[in-house]
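Here is a walk through one small protein model, written for someone who likes to check claims against coordinates. Have the viewer open and follow along.

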Amino acid sequence: MKALLLIAHGSRKVSSNQEVADLADKLKQQTSPFALVTHGFLELTSPKVPDAVAKLVAEGAKEVTILPYFLAA
């Protein structure tokens, strides 16, 4: 099963973190080769990248594509 992981820096600003979570949710609804989509942050907030990867693997991901996303407000 293929998965997509959006990685963002993480912010103290809740709305910036929510923007990344919302994008991941929108991508889940799109037709794509990814059965699973989630997000993770490098620092300052959760979920951290290792936790997001572990979650995807626990949900059955065999291949994870990582997409750095550093365009949040």
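Start with the first helix and what sits under it. The buried residues of α1 pack against two strands, β1 (2-8) and β2 (36-41). Those buried residues are Ser16, Asn17, Val20, Ala21 and Ala24. Looking down the axis of α1, they fall within an arc of 145 degrees, so they line one face of the helix. On the face turned away from that buried side you'll find the exposed residues Val14, Lys26 and Gln29. The general logic is familiar: an α-helix has 3.6 residues a turn, so residues three or four places apart point the same way. As for its length, α1 covers residues 14-29, 16 residues in total. From first C-alpha to last, α1 reaches 23 Å, close to the 22 Å expected at 1.5 Å a residue.

Keep in mind that this is a predicted model.

**The whole chain**

Stepping back, the protein has two helices and three strands. Along the sequence they follow the pattern β-α-β-α-β. The radius of gyration is 12 Å, close to the 11 Å that the globule rule gives for 73 residues, so the protein is as compact as a globular protein of that length. If you want a box for the C-alpha atoms, roughly 35 × 25 × 15 Å along the principal axes will do.

Buried residues make up 33% of the 73 residues. The protein exposes about 4,600 Å², and carbon and sulfur atoms supply 58% of that area. Among contacts with a separation of 6 or more, residues 24 or more positions apart account for 71%.

**The enclosed strand**

How many of the six residues of β2 are buried? Six of the six are, so β2 is largely enclosed by the rest of the structure. In a regular strand the side chains alternate between the two faces of the sheet. In β2 both faces are covered: Leu36, Thr38 and Gly40 are buried on one side, and Val37, His39 and Phe41 are buried on the other.

Next to it, β1 and β2 run parallel and are joined by six bridges. If you want a spot to zoom in on, isoleucine 7 stands opposite glycine 40 in β2.

Histidine 39, which is found in β2, is worth a click too. Its relative accessible area is 15%, and since buried means under 20%, it counts as buried. Leaving out residues up to four places away in sequence, histidine 39 touches Leu5, Leu6, Val20, Ala21, Ala24, Pro47 and Ala52. Val20, Ala21 and Ala24 also appear among the buried residues of α1, while Ala52 is one of the buried residues of α2.

Here is how three residues from different parts of the chain come out on accessibility:

| Residue | Relative accessibility | Class |
|---|---|---|
| Histidine 39 | 15% | buried |
| Leucine 44 | 41% | partly exposed |
| Lysine 62 | 73% | exposed |

**The loop after β2**

The loop between β2 and α2 has some backbone geometry to look at. Leucine 44 lies in this loop, and its phi is near 75 degrees, a positive value in a residue other than glycine. Proline 47 is placed in the loop between β2 and α2 as well. A cis peptide bond joins serine 46 and proline 47, with omega at about 0 degrees.

**The second helix and beyond**

Which residues of α2 are buried? They are Val49, Ala52 and Leu56. Seen down the axis of α2, these fall within an arc of 65 degrees, so they line one face of the helix. What covers them includes β1, β2 and β3. The face of α2 turned away from the buried side carries the exposed residues Pro50 and Ala58.

After α2 comes glycine 60, with a positive phi near 110 degrees. Lysine 62 is then found in the loop between α2 (49-58) and β3 (63-68). At 73% relative accessibility, lysine 62 counts as exposed. To set lysine 62 against the cis bond, take serine 46: the two are 16 residues apart along the chain, and their C-alpha atoms are separated by 23 Å.

Terms used:
Residues numbered from 1 in each chain as written. Predicted model: local features only at pLDDT ≥ 70, side-chain atom pairs only at ≥ 80, totals over all residues. Heavy atoms only, no water. Helix = DSSP H or I, 4+ residues; strand = E, 2+ residues; numbered from the N terminus. Expected span 1.5 Å × (residues − 1). Buried < 20%, exposed > 50% of the residue type's maximum accessible area, 1.4 Å probe, protein only. Arc of directions from axis to C-beta. Contact = heavy atoms within 4.5 Å. Rg over C-alpha atoms; globule rule 2.2 N^0.38 Å. Areas by Shrake-Rupley, 256 points an atom, 1.4 Å probe, with all protein chains shown as cover. Pairing = 2+ DSSP bridges.
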